Amino acid sequence: MRRVVCVFLPTWSTDLWRRRHGGKPPDEPVVAAGQEGPRRVLTAVDRAARAARLRPGLALAQAQAMVPGLTVIAADPEGDAAALHRLAAWCLRYAPLVAPDPPDGIWIDVAGAAHLHGGEAALLAGLRRRLARAGYRVRAALADTPGAAWAAARCLPPETVLPPGGQRDALLDLPLRALRLERDTVAGLAQLGLTRIAHLAGQPRGPLRLRFGEAPARRLDQALGHAPEPLTYLAPPVDHAVRLAFPEPIGAPETLARVTGRLTALLAEDLTRHGLGARRLDLVFRRVDGLDQSVSVGTARPSRDPRHLARLLCERLGHIDPGHGLDEARLSAAAVERLEARQIAAPGEEPDPDTMAELVDRLVLRLGPGRVFRRAPVESEWPERAVRRVAPLSPATGITWPADLPRPGRLLPVPEPVAVLAALPDAPPSAFTWRGTRRRVARADGPERIFGEWWLSDDEAAATRDYYRVEDETGARYWLFRDCLTPEGARWWLHGLGEA
């Protein structure tokens with residue numbers, strides 16, 4: 001299955017000029033002009049120029065009459081294409097299959113790599129955010145096919161993720177220009193009353209081919225996933241890669257697993273010779289119909305263990321659609337770090353840290369990057385601030401929790417209010433009601449008084465909490481606290497469950 005991102009840069013030429021020269025206010029129009037026969041016409045306009053009703057194709061003299069003092073730059077198609085190629089190469093950090101789409105777009109097939117970036121929505125949001133910070137106006141969409149992603153990037157909200165198989169429902173109401181048809185073809189179809197993709201989808205193919213050629217039907221089928229659309233991907237600039245070509249197409253899952261094992265063994269030998277370990281691997285299969293399929297995996301620390309790397313890649317082979325067969329496989333180490341050889345631990349000695357790294361890699365692969373972590377202490381009096389998430393293999397900071405201050409096994413993200421019955425305002429609770437259930441307290445210990453951290457805010461500086469460890473009649477334990485007294489009395493909260 002393919003999952004293709006289309007990055008659309010509607011003001012690519014003028015954005016490049018603004019980045020190189022700078023200092024131009026964004027509300028001052030900038031246009032690019034080139035020669036078209038005997039006259040000069042606009043080839044690109046920025047957002048401010050478009051707001052002033054300037055459009056590509058307009059005569060330059062007319063544009064200057066409409067907007068006095070208009071900033072005009074010389075069109076540079078070759079320079080723009082070279083810059084687009086460089087930006088496409090930068091996008092290889094997201095997936096191994098990237099292709100420029102001149103003059104103002106980029107394709108990225110993220111089917112086997114989105115999990116490395118927090119999922120499809122997070123990948124798309126991060127990509128747009130980084131390009132926007134660099135000064136580019138960008139729209140992006142993700143869909144099953146390049147054609148659907150292209151249409152969504154231009155005609156739907158600027159950050160759109162179409163669900164798998166959802167391109168038909170999303171595209172039918174869009175105008176025909178979303179199918180990448182020539183203007184004359186769109187105008188001719190409009191004369192017949194066909195202005196939407198739904199209108200075209202319901203027409204017989206024969207008469208359309210006779211009048212408009214193969215393009216309308218082909219583009220429609222490509223967008224809906226009924227016809228293949230191979231893309232010419234960039235060759236990743238990696239120094240450590242291995243390749244296998246097959247005399248006959250392959251496609252069986254067990255065959256793909258064997259090929260993956262051979263590739264990882266070859267790559268591990270190369271990495272060992274150079275004293276390196278892989279942090280990210282890209283495995284690309286070439287189909288006989290030209291549609292490349294890829295998967296990517298990351299590691300928590302540098303690794304060149306072929307069995308471990310093969311195991312990680314085999315976990316992702318379910319994303320490979322062999323189609324009518326695969327005739328080539330390429331494995332590359334997209335990110336590497338130094339990894340020196342060391343003595344393997346003998347029985348009874350400290351365990352090899354690579355063993356824990358391998359476990360973390362497998363958990364991250366199955367659960368997702370943001371779901372595997374460990375808790376680390378923070379120097380804070382406030383319980384909810386005394387812990388934070390860190391990477392599972394991050395080094396220890398030397399900070400520890402005080403051993404004489406017991407804490408619950410589970411801390412609630414936000415303290416929940418409870419109704420408490422106590423003999424005196426400052427006495428431990430004898431009973432409390434939480435989430436509609438009344439619990440009678442059998443034992444209580446406390447209070448442990450915690451003051452607010454004055455250096456954070458005035459409100460917290462004045463806050464005081466008295467914490468009690470209580471046990472109900474069933475043996476369940478809770479961590480309650482009473483905050484500062486109010487005219488209505490003290491307020492009680494439940495902050496944790498269980499015993500440390």
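Guide: Start with a rule: buried means under 20% relative accessible area, exposed means over 50%, and partly exposed lies in between, with a 1.4 Å probe and protein chains only as cover. The model is predicted, so local features need pLDDT of at least 70 and side-chain atom pairs pLDDT 80 or more, while totals for chains, interfaces and linings use all residues. Residues are numbered from 1 along each chain as its sequence is written, and side-chain values use heavy atoms, without hydrogens or water.

Visitor: Why is R180 called buried?
Guide: Its relative accessible area is 19%. The limit is under 20%, so R180 is buried. R180 sits in the loop between helix 7 (167–171) and helix 8 (183–191); helices (H or I, at least four residues) and strands (E, at least two) are DSSP runs numbered from the N terminus.

Visitor: What is the phi of R180?
Guide: Near 65°, a positive value in a residue other than glycine. R435 also has a positive phi, near 55°, and is not glycine either.

Visitor: Is R435 buried or exposed?
Guide: Exposed, because its relative accessible area is 58%. R435 lies in the loop between strand 16 (429–434) and strand 17.

Visitor: Where are cis peptide bonds found?
Guide: One joins P102 and P103, with omega about 10°. P103 belongs to the loop between strand 5 (97–101) and strand 6 (105–109). Another joins G446 and P447, with omega about 10°. P447 is in strand 17 (residues 437–451).

Visitor: How many disulfides does the structure hold?
Guide: Zero. C91 is in none; its nearest cysteine sulfur, that of C6, is 11 Å away. A disulfide needs a pair of cysteine sulfur atoms within 2.5 Å, so the pair C91 and C6 does not qualify. C155 is in no disulfide either, and its nearest cysteine sulfur, also that of C6, is 11 Å away.

Visitor: What makes C91 and C155 differ in burial class?
Guide: C91 has 0% relative accessibility, so C91 counts as buried. C155 has 22%, so C155 counts as partly exposed.

Visitor: How many salt bridges are counted?
Guide: 30. The rule asks for a side-chain nitrogen of Lys or Arg within 4 Å of a carboxyl oxygen of Asp or Glu.

Visitor: How do you know that D221 and R205 form a salt bridge?
Guide: The closest N and O atoms are 2.9 Å apart. That is within the limit, so the pair counts. The pair links distant parts of the chain: D221 is in helix 11 (residues 215–224), R205 is in helix 10 (residues 205–212), and the two are 16 residues apart. D221 is buried at 16% relative accessibility. R205 is partly exposed at 27%.

Visitor: What makes E328 and R243 a salt bridge?
Guide: Their side chains meet at 3.0 Å, N to O. E328 is in strand 12 (residues 326–338) and R243 in strand 9 (residues 241–250), so the pair ties together parts 85 residues apart in sequence. E328 has 9% relative accessibility, so E328 counts as buried.

Visitor: Which strands does the salt bridge of E471 and R443 link?
Guide: The N to O distance of this pair is 3.0 Å. E471 is in strand 18 (residues 464–472) and R443 in strand 17, 28 residues apart. E471 is buried at 14% relative accessible area, whereas R443 is exposed at 55%. Elsewhere, salt bridges with shared partners join R243, R286, D327 and E328 into one network.

Visitor: Why is T145 called buried?
Guide: Its relative accessibility is 7%, so T145 counts as buried. T145 is in the loop between strand 7 (139–143) and helix 6 (146–155). Leaving out residues up to four places away in sequence, T145 touches V4, Q167, Q222, A223, L224 and G225; contact means heavy atoms within 4.5 Å.

Visitor: How far is the backbone oxygen of A223 from a polar atom of the T145 side chain?
Guide: 2.7 Å.

Visitor: Why is L367 called partly exposed?
Guide: Its relative accessible area is 47%. That falls between the two limits, so L367 is partly exposed. L367 is in helix 14 (residues 353–367).

Note on methods. Polar contact = N/O pair within 3.5 Å; in protein donor to acceptor, adjacent residues only side chain to side chain.
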